[in-house]
Structures are given as C-alpha cells and as structure tokens.
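User: I would like to work through this model one contact at a time, with the reasoning set out behind each reply. Could we start with the charged side chains?

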Amino acid sequence: MLASVSRHVAAVGETFSLEVELLAEVISEASHSELQNAFSAGGLANTPAFLEVVRSEPVSFELLDSGRDANVARLSRRLVMRSLREGSIEVPPYVVVLDGQTVSAAADPIYIYKPTPELHESRRAIVPIFVERTDPVSRQKVKRTGTAFFVSDEALVTSYHVVVDARKVFVTLPSGRRLKTDRVWSVDPVRDVAVLYVEPGVAEDEGIVPLSLQSMGTGSVEAVDIGRAVFTYGWPGGLRRSTAGVRFDGARLGYDRAWVTSNAVGPGDSGGPLLNSHGEVVGVVTLGTMVDSRPDVLEETVCIANDPRPALGLVNSALGPRSLRSMFADGNFRSRPYDQAFRLLAMIGRGERFGTSLRAELDAFENSLATRNSDPGLHFFRGILYRMLGTPHAADSSFANVLDLFEEYFPAAYLLGVERFREGRLEQAAHYFQRTILAEPYRNLAKYGLARTLMRLHRYEEASQLFREVVSHDPDYAPAIFHLALCHIARGDKGGMAIASARLGRVSRVWRLELDRVLRNEVLHPKTLQQMPLARFRVAKTP
C-alpha cells in the first residue's frame, strides 16, 4: 500500500490531496468484495484537530493485467485535506485491516506556511532579464534569459552566469517598458552574483518597492533562522512562475553561505530571489533541478541560492558603475578562475570540444586553479566541466578532491557513486551512495543508486526495501518498480512480482514490455548465489 501527497508545501487553509493506493492479488469474486469492504472501511489513524479532511472521495476499484496468471486488484482513494496550523505536518497513516492483519501507509511530511501580504507584493520588484552576447569563435549572436530583482532604486541583482560576456542587457518592467542597461556596480563570480546599474527614478516611476534583504547577522548557515518555507518568483521561458519549497536543514556546499532548498526551479529562474515568507531576500537562485512528472524521472527537486551581500557591498561605492564591455575585456578580470569556469561552461554547452580555443581556456583555468587549490567549489566546477567533455577519470579526481576538502559536499559523493557503479566497483559505489543518503536533498536518488548496487551484489532483500522506499516517495517512478520486480524474481516471490508487474503496466508501457522480455528469457533473470557444497576431508590412518 502506498500513500502520497499532491504537494509538499502549502499555505495555511490551502487544500492538498492524499492519494492512497493498494495493490493486491485476488483469487475469487468473494476476495474482490472482501478487499473492497476492507479498504472502504479504512481511514486515517489519529487525525489531529488542526488537520481537516475536507472531502473523502469514493473508493476506486479496478483489475489490472499483471502479464501472468495472477489477478491484481487496484484500490485507491483520494482525501482532500487542509491544515489550520503552520509548521511541518506528518499526515497520519492510512490504515486498513486485511484478514485480521493491519496494513498502513504514510506519505512524506508536508510543510505548512502562513502567507503574508509582503510576500505577494514582492513580485512587482522581480523582472525578466534578456541578454545578448557575441560568440567569440563563430561571431554569432547568443541570447539568454533569466530573472533579476530590484534591491534599490539604482541596483538590479541577477546571476553572474546570466550576464557573463554580455554586450546588451534588457529587462522588461511591470508596465511593459523595456529598459536597457550596460553598466554594472559589481560582480561576484565566486557566488554567481551580478549587481547591475539602473538609472535613478526608474523603479519609482514604475511603482516598484525594492526588496529588502533578510538579516543574516554574522552566524553560519546553520545558525541563521530564515524559516523553513522559502519561495521563488522567476521567468522560465519568459513566463512568470512561482515555486514554494523548504530549506534542507544542515545541507551545505562548501565553506561559504549557500542555501539548499526543495524549490523546483529551472532555466530562466536563474538570478531570481529566494524569499522568506515575509518577502525578504535570502539569496540569489544560481542552480537548480526541475523534473517533469514522467515515469522515467525521479521526483527530486533541488535549488541552490547564494549570498548577494558581498557584491552588494560595492553598490554606490566611490568607483561608481562600470561598463559591462570594459569589464569583460579586462584581462585581469578574465583571469579569475570562476570567471574562466563560467566561460568554459558556456563554450562546452554550445557543443565545443577539444579545439584550440577550448584547450587554451582549459589550460588557463587549470593554472588558476593551482592558485586556489583549497576551494571545493572550484574543484566541483572542474569535475562538471570534464564530465561534460566525456573524460570521467579527470572528473572523478576532481570530485574526490572536493570530498577531501569538504566531506559534506553531497553532489560530489553522488556523482562518484554513479561512476563507480558504471565501472563495476560496487563496494566503493555503495560507500558513496551511503554517504549521499545522509544529505536530505539527494536522499532518494542515493537510495535508488544504492539499491541498484545491492542488486549487483545479490543482496536482494536489502535492495527491495530501498526500492520500496523510493516508490513510496515517487509512486510513478517506473525504473524503481521494474527493479523491484526483478528483486521479487530473484527471491522467488511470485505474488510480489505479479503486483509490481501490474503496477508497472499502469505506469509505463515501455518498462512493462522490458519486464515481459526479461520474464520470457530465463537467462536474463537476476541470479541468486547458491552455497557451494562443502568437501569433507578424512585423514588417512597409516597402517
């Protein structure tokens, strides 16, 4: 039995749904009826007073094709709920009594926040940004889009990687007016932040109230309380979109201040603000993963936002704003390692490989890295660049350096686990996946990787449990259901295999066909190690 919530962050009083699903083998019409009655009589255990069930929909019942002789019934129920209290809410498990045995399923927790007018009003200060640059090799114009936000009447914050090597930068104001800016107060490639100059009076004319920054004091990331609920407003694809997420407690990337959250951001959100529930800026969105709700993609969303305060410290300095063109033409600036890394990322992203210009940039980056060899972020950047270039050994050495410098850097541990699994170095792969499980952001990715590794080690019981946990987190993740079915085959569990097969047929036709192919060909079945017979030796007696 599985239970899942429709969202993991909601406002106080906002409805969300709990979907409960039970798959079971049935052997007769009588067992059909008994199963339906038991599931219909089930319900939530110990529902707290602040959690209301707005509507309980009728039980849905259907027979699924398992591809075998077994009949598998699917029963589901949808409960529409809302919470009248903010905070992290554990939705009570759904309990069913079958043949005298209690079966229950609990969904992931949901975080409830209290919306404020300030959060709603902050959207007006957030604008889409459009960048034009000329490719230095092909001389063709390249366009990028992102997000920016006003922090004063003369300062607009965005991500550095959005404007790197820009020649023209435009923003669209709330009135629809298009504003050009070609000057910059400061850039901070290390934290991926740029502060653009805007002519005074523009924000006031538009009725824009610049965003305020959350007070951070002098404490570490762990010591600063921003509230668990965090929000983004961005312009992916040129369309406004907001996300709500939660801060991952204790997740860190290096020594500097960076926030890791569950907001589902993607291309176009870069440069936008990460906001607390009062509409104050916590950080600048620099990186994220947003996945589609498709069977072949595990639902694991991560957003990384960096601290804009060091770059903002130079706003209104005596030096004044500088033109983008002159800054990016400055040889001293271009020799900084993070600036080199972003240019390499753009070059490789355009499809360049080991040509003369890329070689020169890589050599310059390697020389700069030697002067900042204790920076885990730079080593991780190097690993990503070489991974994109298809040189995994160079990438792995970089990721290993990252962990030597900062052992909590979970993306490096995960990528090392993936590579060790591909190489067949299974004990090492298991080690890195187990390290990654300790970090909440990639926990389910790591569980899936570890389960695949344990399968290769013929540890099917342990692998089955991890696959079940992954499917409980994302019920439509077809690869986990497929591999769970293989574990059932290896363990001789025909009933479990039939249920997994039926569920797979409902989720993904492609993966169901692959399972059918495995079942038809015994040579493809997962192997179970058998204990070899022991030889007995007898000492011969001498006459």
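User: Which residue meets the side chain of Arg 183 in a salt bridge?

Analyst: Residues are numbered from 1 along each chain as its sequence is written, and side-chain values use heavy atoms, with hydrogens and water left out. This is a predicted model, in which local features need pLDDT of at least 70 and side-chain atom pairs count only at pLDDT 80 or more, while totals for chains, interfaces and linings use all residues. A salt bridge requires a side-chain nitrogen of Lys or Arg within 4 Å of a carboxyl oxygen of Asp or Glu. At 3.3 Å from N to O, the side chain that meets Arg 183 in this way is that of Glu 199.

User: How many residues apart in sequence are the parts that this pair ties together?

Analyst: Helices (H or I, at least four residues) and strands (E, at least two) are DSSP runs, numbered from the N terminus. Arg 183 belongs to strand β17 (residues 183–188), whereas Glu 199 sits in the loop between β18 (193–197) and α4 (202–205), so the separation in sequence of the parts tied together is 16 residues.

User: What relative accessible area does Arg 183 have?

Analyst: Buried stands for under 20% relative accessible area, exposed for over 50%, and partly exposed for what lies in between (1.4 Å probe, protein chains only). Glu 199 is partly exposed because its relative accessible area is 43%, and Arg 183 is also partly exposed, with a value of 29%.

User: Which residues are joined into one network by salt bridges that share partners?

Analyst: Side chains of opposite charge can pair when their charged atoms come close. Here, salt bridges with shared partners build one network, and its members are Glu 21, Glu 62, Arg 74, Asp 476, Arg 503 and Arg 506.

User: Is Arg 503 in α17 buried or exposed?

Analyst: Helix α17 (residues 494–507) has 14 residues and reaches 20 Å from its first C-alpha to its last, close to the 20 Å expected at 1.5 Å a residue, where the expected span is 1.5 Å times one less than the number of residues. The helix is mostly covered, with 10 of its 14 residues buried. Among them are Gly 495, Met 497, Leu 504 and Val 507, and the state of Arg 503 is likewise buried.

User: How many residues separate Arg 512 and Asp 65, which form a salt bridge?

Analyst: The closest N and O atoms of Arg 512 and Asp 65 are 3.6 Å apart. The pair links distant parts of the chain, Arg 512 being in helix α18 (residues 509–520) and Asp 65 in strand β6 (residues 60–65), with a separation of 447 residues.

User: Which of these two partners is buried and which is exposed?

Analyst: Asp 65 has a relative accessible area of 55%, which means that the exposed partner is Asp 65. At 9%, the buried partner is Arg 512.

User: Which residues form the positive surface patch?

Analyst: Patches are made of residues with over 30% relative accessible area and no salt bridge, like charges being joined within 9 Å and nonpolar side chains (Val, Leu, Ile, Met, Phe, Trp, Tyr) within 5 Å. Lys and Arg count as positive and Asp and Glu as negative, without His or the chain ends; the place of a charge is NZ of Lys, CZ of Arg, CG of Asp or CD of Glu, and accessible areas come from the Shrake-Rupley method with a 1.4 Å probe, only the protein chains shown counting as cover for residues. At least two residues of the patch come from each of β13 (141–152) and β16 (178–181). The patch is formed by Lys 141, Lys 143, Arg 167, Lys 168, Arg 178, Lys 180 and Arg 325.

User: What relative accessibility does Arg 167 have?

Analyst: Arg 167 lies in the loop between α3 (160–163) and β15 (168–172). The residue counts as partly exposed because its relative accessibility is 30%.

User: How many of the 13 residues of α8 are buried?

Analyst: Helix α8 (residues 337–349) reaches 18 Å from its first C-alpha to its last, close to the 18 Å expected at 1.5 Å a residue. Its buried residues include Tyr 338, Phe 342, Leu 344 and Ile 348. The helix is mostly covered, the number of buried residues being 10.

User: What share of the 543 residues of the protein chain counts as buried?

Analyst: The chain comes to 18 helices and 25 strands, and its C-alpha trace spans about 95 × 80 × 45 Å along the principal axes. Over the 543 residues, the share that counts as buried is 52%.
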